[in-house]
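Thanks for making the time, everyone. I would like to walk you through one structure this morning, starting from a single side chain and widening out from there.

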Amino acid sequence: MIIYKSTDWWEALRHLRSSGIIRLLLKRVLLVGLYATAVTAFFIRFDKMNIQVDKEFFSFMGIMLSLLLVFRTNTAYDRFYEGRRLWGQLVNNCRNLAVLLHARLPATDYATRTYFARLLANFPIALDGHLRKGVRFEKLEEADTGFIERLRGADHVPSRLSALLQELFERLLREDILLPAHLITLQRHHEGLLDVAGACERIKATPIPFSYSYFIKGFITVFVLIMPFNLLDTYQYLTIPITMFGAYALLGVEMIGDEIEDPFGKDSNDLPLTQMANRIRANVHEILGVELPETVKGLADAPYSVVF
């Protein structure tokens, strides 16, 4: 995720080269420019500018396309924002669980504190990998002997970690460290972990319907292809930059929607899941008074744009 100041225009423009989607957009706009150049040169050279598209009809189609793009962009951003809201809930649930267990666990029981801290901190890191290309087990902490190897056999690692957390709560209840009233309070935040995981999976597994996406892309393609014919009689060679600018706007909005509708990828505009997971890990260890491993210190404060 690119970090920038929204109020600083020049800094925002400086990040133009940082976005892969913008670089791809510029390549497509260049192709549109070559097409517009060929059409313009041909019709001016051979004096065949009598092929025109009715301007009122073209304007009407532009209005229809703009309405479709607004709906498309809003739908994609809703998915992006919901993903960020869900990970905000995950942050809160992990911190609340850590605070509640910190108050109940004896200060001298460092072994249980360490086990719980590592178990809980592993959940967002496992969810990060689960939503991307697979859990990276080397990033997880060993909660006890053979812990990572046992996790490798799980089909759904976040669910397995949640089950281990529940086993820990039940053990503490049997040992009278937790009371039933405490377990009820813990349960609300504990259930929230898998609620977040399930909601994130729903977003990832339910893209915009293909027919809707295909229709908009087809509409934009036809609109851009006929644009030069509508401009030639008025602008002649200025048709080329005007067509490129129109293509930049239309293609850009659609491509941005394609990118942000899945906020859990590794594109420059996707959510910084790894950075947030490392921050949760640092917070949980700090609350419970457990030292962080040397290999992960400082990751929570690393820039969003470099942590994946």
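Let me begin with a small detail, namely that the side chains of S213 and K217 are joined by a polar contact of 3.0 Å. Please keep in mind throughout that this is a predicted model, and that the values I quote are computed from it.

Where does S213 lie? It is part of helix α8, which covers residues 210-235. As for whether S213 is buried or exposed, its relative accessibility is 13%, and because the cut-off for buried is under 20%, S213 counts as buried. If we leave out residues up to four places away in sequence, S213 touches I208, E254 and D258.

K217, the partner in that polar contact, leads us to the second largest pocket, since K217 is among the lining residues nearest its centre, together with R28, I220, T221 and L251. The lining has 14 residues in total, and the volume of this pocket is about 320 Å³. Which elements supply at least two residues each to that lining? They are α2, residues 20-45, then α8, and α9, residues 239-260. When the lining is sorted by class, 9 residues are nonpolar, 4 are charged and 1 is polar.

Let me now step back to the whole chain. The protein has 308 residues, and buried ones make up 45% of them. There are 10 helices and 0 strands, so that, by the definition of these elements, the order from the N terminus on reads α-α-α-α-α-α-α-α-α-α. Of the contacts with a separation of 6 or more, 75% are between residues 24 or more positions apart.

That brings me to the interior. In soluble globular proteins, nonpolar side chains tend to be buried together. Here the largest nonpolar core holds 55 residues, and the members that touch the most others are W87, L90, F116, L120 and F169. Two or more residues of this core come from each of α3 (55-104), α4 (110-131), α5 (147-152), α6 (157-174), α7 (180-205) and α10 (273-288). Apart from it lies another core, of 19 residues, which includes L25, F219, F223 and A247.

To finish with one member of the largest core, what does L120 touch, not counting residues up to four places away in sequence? Its contacts are C94, L97, A98, L165, L193 and V284.

How values were computed
Residues are numbered from 1 along each chain as its sequence is written. This is a predicted model: local features need pLDDT of at least 70, side-chain atom pairs count only at pLDDT 80 or more; totals for chains, interfaces and linings use all residues. Side-chain values use heavy atoms; hydrogens and water are left out. A nonpolar core is a set of buried Ala, Val, Leu, Ile, Met, Phe, Trp, Tyr and Cys residues joined through side-chain atoms within 4.5 Å. Buried means under 20% relative accessible area, exposed over 50%, partly exposed in between (1.4 Å probe, protein chains only). Helices (H or I, at least four residues) and strands (E, at least two) are DSSP runs, numbered from the N terminus. Contact means heavy atoms within 4.5 Å. A polar contact is a pair of N or O atoms within 3.5 Å; within protein, one must be able to donate a hydrogen and the other to accept it, and residues adjacent in sequence count only if both atoms are side-chain atoms. On a 1 Å grid over the protein atoms alone, a cavity is a set of points where a 1.4 Å probe fits but cannot get out, and a pocket is an open set with protein on both sides within 12 Å along at least five of seven lines; lining residues have an atom within 4 Å of a point. Grid points are joined across faces, edges and corners, and a volume is the space filled by probe spheres set on the points. Ala, Val, Leu, Ile, Met, Phe, Trp, Tyr, Cys and Pro count as nonpolar, Asp, Glu, Lys and Arg as charged, and the others, Gly among them, as polar.
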